[in-house]
Amino acid sequence: MMSGLFLEDLYLGQKFTTDPVTISESEIIAFAEKYDPQPFHIDKDSAEKSVYGGLIASGFQTIAIAAGQWLRTGLLKGTSLGGPGMKDISWLAPVRPGDVLNTLVEITDCRVSKSRSDRGIVHFQYTISNKGGVVAIFTTIIMVRKRN
């Protein structure tokens, strides 16, 4: 079912907010043990002795959380055709257990595809913040169906 926004509904500078997500210590460790097993992600004692002074989430987990926040909005349900990539990934501050992450998604490019007239290419810039400020920024490039 296509209940999401089509290319014609999207425009440059359009902004969307997501529901907040709280990240727990157990989630940080479980993700890192499987996908990014560095000491400052999986071991509290090692993390306390690291430059971070405590346990922090993997940057990849932070991006995955933001992507999940965006998908749960349902704004592209049935109209997203996936994407060819990401760009401009910056991890600006650590994410710690108990942090509440908020994500703002802004359209930074929006155009009809040059090779496929039934879709467009949209760049969504994610800005992820906790109470201390921005922790990460990245852009996804997504193909979005046109209405016709």
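This is a guided tour of the structure, one selection at a time. The model is a predicted one.

**Stop 1: helix H1**

Begin by selecting residues 25-35, which form helix H1. Which residues of H1 are buried? They are Ile28, Ile29, Phe31 and Ala32. These residues lie on the same side of H1, because they cover an arc of only 170 degrees around the axis. An α-helix has 3.6 residues a turn, so residues three or four places apart point the same way. Turn the view to the other side of H1, where Ser26, Glu33 and Lys34 are exposed. To see what covers the buried residues of H1, add residues 39-42 and 59-72 to the selection; helix H2 and helix H4 are included in that cover.

**Stop 2: strand E4 and its partners**

Next, select residues 100-112, which make up strand E4. Strand E1, residues 15-17, pairs with E4 in the antiparallel sense over three bridges. Within this pairing, Lys15 has Glu106 of E4 as its bridge partner. Glu106 also has a bridge partner in E5, namely Gln125. Add residues 21-22, which are strand E2; two bridges join E2 to E4, and these strands run antiparallel. Here Thr22 stands opposite Val100 in E4.

**Stop 3: strand E5**

Now select residues 119-130, strand E5. Is E5 largely enclosed or largely open? Of its 12 residues, 11 are buried, so E5 is largely enclosed by the rest of the structure.

E5 is joined to E4 by 10 bridges, and the two strands run antiparallel. A hairpin of six residues leads from E4 to E5. Pick out Cys110 and its bridge partner in E5, Val122.

Strand E6, residues 133-145, is joined to E5 by 12 bridges, again with antiparallel strands. The hairpin between E5 and E6 has two residues between the strands. One bridge to display is that of His123 with its partner Ile141 in E6.

**Stop 4: the nonpolar core**

Keep E5 visible and display the side chains of Leu10, Trp70, Leu76, Val122, Phe124, Tyr126 and Ile128. These residues have the most contacts inside the largest nonpolar core, which has 30 residues. Two or more residues of this core come from each of H1, H4, E4, E5 and E6. Which element gives the largest share? It is E6, with five residues.

Centre the view on Val122. Leaving aside its neighbours within four places in sequence, Val122 is in contact with residues including Leu7, Leu10, Ile107, Cys110, Ile141 and Val144.

**Stop 5: aromatic rings**

The whole structure holds six aromatic pairs. Select Trp70 and Phe124 to examine one pair. The ring centres are 5.2 Å apart and the planes stand at 45 degrees, so the pair is tilted. This pair links distant parts of the chain, since Trp70 is in helix H4 and Phe124 is in strand E5, 54 residues apart. Both Trp70 and Phe124 are buried. Add Phe16 to the selection: ring pairs link Phe16, Trp70 and Phe124 into a cluster.

**Stop 6: two residues of strand E6**

Select Thr139, which lies in strand E6. Is Thr139 buried or exposed? Thr139 counts as buried, because its relative accessibility is 3%, and the cut-off for buried is under 20%. Not counting residues up to four places away in sequence, Thr139 touches Gly85, Met86, Lys87, Asp88, Thr108, His123, Phe124 and Gln125.

Move to Val134, which is also placed in E6. Val134 counts as partly exposed, with a relative accessibility of 35%. Apart from its neighbours within four places in sequence, Val134 is in contact with Leu92, Ala93, Thr127, Ile128 and Ser129. For a sense of distance, display Val51: the C-alpha atoms of Val134 and Val51 are 19 Å apart, and the two residues are 83 residues apart in sequence.

**Stop 7: Ser90 in strand E3**

Finally, select residues 85-91, strand E3, and find Ser90 within the strand. Ser90 is partly exposed, with a relative accessible area of 31%. Which residues does Ser90 touch, not counting residues up to four places away in sequence? They are Val135, Ala136 and Ile137. To close, draw a line between the C-alpha atoms of Ser90 and Ile141, which are 16 Å apart; along the chain, these residues are separated by 51 residues.

How values were computed. Residues numbered from 1 in each chain as written. Predicted model: local features only at pLDDT ≥ 70, side-chain atom pairs only at ≥ 80, totals over all residues. Heavy atoms only, no water. Buried < 20%, exposed > 50% of the residue type's maximum accessible area, 1.4 Å probe, protein only. Helix = DSSP H or I, 4+ residues; strand = E, 2+ residues; numbered from the N terminus. Arc of directions from axis to C-beta. Contact = heavy atoms within 4.5 Å. Pairing = 2+ DSSP bridges. Core = buried A, V, L, I, M, F, W, Y, C linked by side-chain atoms within 4.5 Å. Phe/Tyr/Trp six-rings, centres within 6.5 Å; stacked < 30°, edge-to-face > 60°.
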